[in-house]
Amino acid sequence: MIKGFIFDLDGVITDTAEQHYVAWKRLSDENGWEFDREVNDKLRGISRLDSIKVILDHNGLTMDEETMANLAAKKNEKYVESLDDITPDDFLPGTKELLTHLRTEGFHVALGSASKNASKVLQQLNALGYFDIIGDGNSVTESKPDPAIFLYGAEKLGLQPEECIVFEDAESGVDAAKAGGFHSVGIGPKERVGHADLRFDTMEDATLFEIKSYFKDLF
Ligand code: BG6
Ligand code: MG
């Protein structure tokens with residue numbers, strides 16, 4: 001029986017995946033590194049420090065941990081600045097409707113994000129009320145594709161993984177959901193999240209009706 005839903009944040013609830021891209025692009029330009037949207041797609045779902053490692057690797061560069069941490073902090077300053085512009089109008093289309101529908105039907109809902117800025121983003125959106133539990137980059141140490149953040153959410157909701165559906169826009173996030181024994185919904189192109197149980201191009205397509213139709217034996 002499906003009793004709960006666990007949502008990733010960036011790229012599922014709101015389009016902060018784009019703001020992460022812009023901040024990494026600015027840092028890359030300042031440092032003369034090559035960085036494009038294809039590389040950015042590999043950063044979806046993974047932690048800030050893991051992200052800078054991917055970018056340096058793409059540029060054939062190595063740095064000590066302290067330098068990497070300082071550079072990642074600079075990216076975060078740029079990213080956090082951009083969060084002030086987020087308003088309650090910035091839910092991805094369809095997301096607010098789905099969250100409202102889940103509330104109306106009495107499902108348990110958790111956030112399962114790798115971001116340490118998740119609370120700030122949810123505050124800007126005025127979205128905290130849609131979630132029973134907030135799991136973010138401060139809740140666990142292991143990063144996606146490790147399932148730790150989703151297991152944290154399920155445990156706090158008092159549910160088993162097989163009683164929850166995870167929503168993800170990241171390849172590493174779908175990997176994490178599957179590794180934890182969760183049902184999964186991928187948001188985005190087949191090349192990125194085609195390995196999810198069910199996939200939609202956008203959150204607008206991901207209605208509760210469609211989800212119940214697909215997982216019909218579980219509701
Ligand atoms: C994830 C994003 O949600 O959070 C990643 O998809 C990001 O791109 C990660 O690196 C960590 O975010 P933050 O806000 O802690 O730097
Ligand atoms: Mg995401």
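Two strands are taken to pair if DSSP finds at least two bridges between them. In this predicted model, strand β4 (residues 164–168) and strand β5 run parallel and are joined by four bridges. Strand β5 (residues 183–187) is largely enclosed by the rest of the structure, because five of its five residues are buried, where buried means under 20% relative accessible area.

**Burial of β5**
- In a regular strand, side chains alternate between the two faces of the sheet.
- Both faces of β5 are covered, since H183, V185 and I187 on one side are buried, as are S184 and G186 on the other.

**Neighbours of β5**
- Towards β4, the residue S184 of β5 is the bridge partner of V166.
- Towards strand β6 (residues 198–200), which runs parallel to β5, there are three bridges, and G186 stands opposite R199 of β6.
- Together with helix α8 (residues 171–179), the strands β4 and β5 make a β-α-β unit that is right-handed.

**The sheet as a whole**
- The open sheet is formed by six strands in the order β3-β2-β1-β4-β5-β6, and their pairing is parallel.
- At its edges lie β3 (133–135) and β6, each of which pairs on one side only.
- On average, and with direction ignored, neighbouring strands of this sheet are turned by 20° against each other.

**A helix across the sheet**
- Helix α5 (residues 95–104) lies across β1 (4–7), β2 (108–112) and β4, and the direction in which α5 runs is at about 155° to β1.

Technical notes: Residues are numbered from 1 along each chain as its sequence is written. Chains are lettered from A and ligands numbered from 1 in the order in which they are written. This is a predicted model: local features need pLDDT of at least 70, side-chain atom pairs count only at pLDDT 80 or more; totals for chains, interfaces and linings use all residues. Side-chain values use heavy atoms; hydrogens and water are left out. Buried means under 20% relative accessible area, exposed over 50%, partly exposed in between (1.4 Å probe, protein chains only). Helices (H or I, at least four residues) and strands (E, at least two) are DSSP runs, numbered from the N terminus. A crossover is right-handed if, with the strands pointing away from the viewer, the path from the first strand over the helix to the second runs clockwise. Axes are lines fitted to C-alpha atoms, for helices over the stretch in contact, and angles run from 0 to 180 degrees between N-to-C directions. Contact means heavy atoms within 4.5 Å.
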